Amino acid sequence: MSQKEIDWRERFPEDVTCVRCLQVKSVHELDRLLWCEECQTSARRRAARRGWAAGVALAVVLGLYIWFVIQPDLSLIPTAWAATLAVALYLGGRVARELFYGYERVANRRAIEATPPAPGASSEARESERDEQGRDASD
Ligand SMILES: [Zn+2]
């Protein structure tokens with residue numbers, strides 16, 4: 001495994017730009033898709049959030065299905081139905097999280113984590129520059 005790792009890293013120079021945040025990092029901090037640690041972490045966090053949302057949605061749909069279609073006699077084994085929903089929430093969330101993360105990895109959209117320069121700051125800078133030029137011209 002380490003031999004393989006050396007092989008792909010050797011094709012790159014020492015400093016490489018992360019394709020997600022456009023920050024220059026050491027090649028050893030990036031993975032094969034040229035994502036840095038922070039970009040992987042934030043993609044995982046985002047996938048976890050969406051995964052939980054999908055799990056909750058699945059559990060709600062399943063709950064409605066059980067309630068209106070199956071119409072169980074809740075006096076018998078209510079915990080079993082509750083456990084069914086809990087499993088749907090947990091497993092649905094986990095599976096959806098992996099799917100969301102896998103999709104982000106495969107789609108590999110460029111510069112999605114990069115912070116563009118704030119438009120307000122740059123226009124202010126330009127204005128103050130113009131002011132200075134105006135003052136220079138009037139002098
Ligand atoms: Zn990055």
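I'll start at a joint in the chain: helix 2 is followed by Q71, and the phi of Q71 is positive, near 45°. Before going further, please keep in mind that this is a predicted model. The end of helix 3 has a similar entry in my notes: N108 comes after helix 3, and its phi is positive too, near 50°.

Now the overall layout. The protein chain has four helices and two strands. Read from the N terminus, the order of the elements is α-β-β-α-α-α. The chain has 139 residues, and buried residues make up 13% of them. As for contacts between residues at least 6 apart in sequence, 56% join residues at least 24 apart.

Next, helices 2 and 3, one at a time and then together.

Helix 2 covers residues 37-70. Its 34 residues, at 1.5 Å a residue, should span 50 Å, and the end C-alpha atoms are 47 Å apart, so the expected and modelled spans agree. Which residues of helix 2 are buried? They are C39, A47, G51, G55 and A59.

Helix 3 takes in residues 78-107, which is 30 residues. The same rate of 1.5 Å a residue predicts a span of 44 Å, and the C-alpha atoms at its ends lie 43 Å apart, which agrees. The buried residues here are L89, G92, G93, A96, R97, F100 and E104. That list includes an arginine, R97, and a glutamate, E104.

What do the buried residues of helix 2 pack against? They pack against helix 3. Seen from the other side, helix 2 is part of what covers the buried residues of helix 3. The two axes come within 6 Å, with a crossing angle of roughly 145°. The crossing of helix 2 past helix 3 is right-handed. The residues in that contact divide into 18 nonpolar, five polar and five charged.

One residue on helix 3 gives a distance across to helix 2. Y90 is found in helix 3. It counts as partly exposed because it has 13 C-beta neighbours inside 10 Å. From Y90 to A59 there are 31 residues in sequence, and the C-alpha atoms are 8.9 Å apart. A59 is one of the buried residues of helix 2.

Now to the other end of helix 2, and the largest nonpolar core. It is made up of five residues: C18, L30, W35, C36 and C39. In general, nonpolar side chains tend to be buried together in soluble globular proteins. C39 belongs to that core and is also on the buried list of helix 2. Leaving out residues up to four places away in sequence, C39 touches C18, R20, C21 and E113.

That brings in R20. It is found in the loop between strand 1, residues 15-17, and strand 2, residues 24-26. Is R20 buried or exposed? R20 is buried, because 24 other C-beta atoms lie within 10 Å, and the cut-off for buried is 20 or more. With residues up to four places away again set aside, R20 touches W35, C39, A111, I112 and E113. W35 and C39 are core residues. R20 and A114 are 94 residues apart along the chain, yet their C-alpha atoms are separated by 6.3 Å.

A111, one of the residues R20 touches, is found in the loop between helix 3 and helix 4, the latter being residues 119-138. Its phi is positive, near 60°, and A111 is not a glycine. A111 counts as partly exposed because there are 13 C-beta neighbours inside 10 Å.

L22 makes a comparable case. L22 sits in the loop between strand 1 and strand 2. L22 has a positive phi of about 60° although it is not a glycine. With 13 C-beta neighbours inside 10 Å, L22 also counts as partly exposed.

Last, S26, which is placed in strand 2. S26 counts as exposed because it has 11 C-beta neighbours inside 10 Å. Apart from residues up to four places away in sequence, S26 touches E14 and D15. From S26 to P13 the C-alpha distance is 8.7 Å, with their positions 13 residues apart in sequence terms.

To close, two points to look at on the screen: the right-handed crossing of helix 2 past helix 3, and R20, buried and touching both W35 and E113.

Terms used: Residues are numbered from 1 along each chain as its sequence is written. This is a predicted model: local features need pLDDT of at least 70, side-chain atom pairs count only at pLDDT 80 or more; totals for chains, interfaces and linings use all residues. A nonpolar core is a set of buried Ala, Val, Leu, Ile, Met, Phe, Trp, Tyr and Cys residues joined through C-beta atoms within 7 Å. A residue is buried if 20 or more other C-beta atoms lie within 10 Å of its own, exposed if 12 or fewer, and partly exposed in between; C-beta atoms are placed from the backbone. Two residues are in contact if their C-beta atoms, placed from the backbone, lie within 7 Å. The expected span of a helix is 1.5 Å times one less than its number of residues. Axes are lines fitted to C-alpha atoms, for helices over the stretch in contact, and angles run from 0 to 180 degrees between N-to-C directions. A crossing is left-handed if the near helix is turned anticlockwise from the far one by less than a right angle, and right-handed if clockwise. Ala, Val, Leu, Ile, Met, Phe, Trp, Tyr, Cys and Pro count as nonpolar, Asp, Glu, Lys and Arg as charged, and the others, Gly among them, as polar.
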